[in-house]
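Reader: I would like to go through this model slowly, one question at a time. Could you give the reasoning before each answer?

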Amino acid sequence: MDTKTPDTPESEGRYMGLQELEPSPVEDTPLEAEKDSYFPSPPSPSPSPKQPTLLSRATTFGLGDHGPAYYLLRIQKYSSYAFTIFAAFHITNTSLIPLLTQSVQASDSYLLLTRPYYQSFPLEPLIVALPLVAHVGSGLALRLYRRNQSAKRYGAESRSDRRLVAWPKVSGTSALGFALTFLVGGHAFINRVLPLWLEGSSSNIGLEYVSHGFAKHPVVSTLGFSTLVGVAAWHAVWGWAKWLRWNPDQVTEGGGQGQLRKKQRWYTINGISALVTVLWMAGGLGVVGRGGEVGGWMGREYDAMYRRIPVVGHWLS
């Protein structure tokens, strides 16, 4: 009588056509390791000097493969260089020289002597108008681009979906820049556009024109000038701190030492902003603002110009 051997795992494996093997270590190289699809192929040899190739970051026009944000940020940065040059000349003529001479009449001669260099063609468009438009325009375009990128990231396709996407956060420096745009526009209109519109020239517009406005309309003039100077000083100093990578938010060091460095930068930047504001207003308000009225027909011409200022002109009659 035949005796059946009880089934064991080993015999069951043979019965199914399978064979049990000992586990192999994980460090063993699989068969596919010999194929190029498993491991990356070794780097190809560098090209011969006789056969130059384009760099991976270069394009046909030499602009690189950077996105629009890269170029918009640089337009915003480099346009501020030209406008800073103009601002340095303007502050020197309207504040520093009056502070040194302590006389509006004596300072006016310096202003009228140097003003043609930056109020003539093509210097005025190149260092004043074009940089200002480029600076403001690139900032607005950068915000629009970043919001569109956020909308694409969240899959917002319809107009209703886009309304749900938040706009990029406005920094303190950007908020000051938006306010400064209107203040500089108003300042340019009163001192440059209005005389050109009414008289065809701004050759008679100098520091006496400003001092006459302070004497006849002290509240409006002092409030407007102080706001313009304060906003411009804080925006410029904080903006340059960003370009020089000295902004507190650009501190990469962590821990207590990093927090201390951020506080030091914050106090330093605000201290420089306050110093620029005080120095600017010392000559603008302390000397030019106290120069008094201008008499005769010139004073009447100045009064007529101030009355033509939109919105506030009827208050100045």
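Reader: Is E253 buried, exposed or partly exposed?
Author: The terms rest on relative accessible area: buried means under 20%, exposed means over 50%, and partly exposed lies in between, with a 1.4 Å probe and protein chains only. E253 has a relative accessibility of 35%, so E253 counts as partly exposed.

Reader: What kind of model do these values come from?
Author: Residues are numbered from 1 along each chain as its sequence is written, and side-chain values use heavy atoms, with hydrogens and water left out. Local features need pLDDT of at least 70, side-chain atom pairs count only at pLDDT 80 or more, and totals for chains, interfaces and linings use all residues, the whole being a predicted model.

Reader: Which residue does E253 meet in a salt bridge?
Author: Side chains of opposite charge can pair when their charged atoms come close. The term salt bridge is kept for a side-chain nitrogen of Lys or Arg within 4 Å of a carboxyl oxygen of Asp or Glu. The partner's relative accessibility is 33%, so R261 counts as partly exposed. With 3.3 Å from N to O, the side chain that E253 meets is that of R261.

Reader: How many residues apart in sequence are the parts that K216 and D303 tie together?
Author: K216 and D303 form a salt bridge whose closest N and O atoms are 3.2 Å apart. K216 belongs to helix α7 (residues 207–216) and D303 to helix α10, so this pair ties together parts of the chain whose separation in sequence is 87 residues.

Reader: Is D303 buried or exposed, and what is the state of K216?
Author: D303 has a relative accessibility of 16%, so D303 counts as buried. For K216 the value is 32%, and therefore K216 counts as partly exposed.

Reader: How many helices does the chain have?
Author: Helices (H or I, at least four residues) and strands (E, at least two) are DSSP runs, numbered from the N terminus. The number of strands in the chain is 0, while the number of helices is 10.

Reader: How are α6 and α10 oriented to each other?
Author: Axes are lines fitted to C-alpha atoms, for helices over the stretch in contact, and angles between N-to-C directions run from 0 to 180 degrees. Helix α10 (residues 296–307) packs against α6 at an angle of about 105 degrees, with the axes 10 Å apart. Angles under 35 degrees count as roughly parallel, over 145 as roughly antiparallel, 65 to 115 as roughly perpendicular and the rest as oblique, so α6 and α10 are roughly perpendicular.

Reader: Which residues in α10 does α6 meet?
Author: Contact means heavy atoms within 4.5 Å. From α6 come I190, L194, P195, L198 and E199, and in α10 they meet E301, M305 and Y306.

Reader: Which residues does H235 touch, not counting residues up to four places away in sequence?
Author: H235 is found in helix α8 (residues 218–243). Its relative accessibility is 17%, so H235 counts as buried. Leaving out residues up to four places away in sequence, H235 touches H135, T173, L176, G177 and L180.

Reader: How far apart in space are A69 and R146, C-alpha to C-alpha?
Author: A69 has its place in helix α2 (residues 68–101), and at 22% relative accessibility it counts as partly exposed. Although A69 and R146 are 77 residues apart in sequence, their C-alpha to C-alpha distance in space is 7.8 Å.
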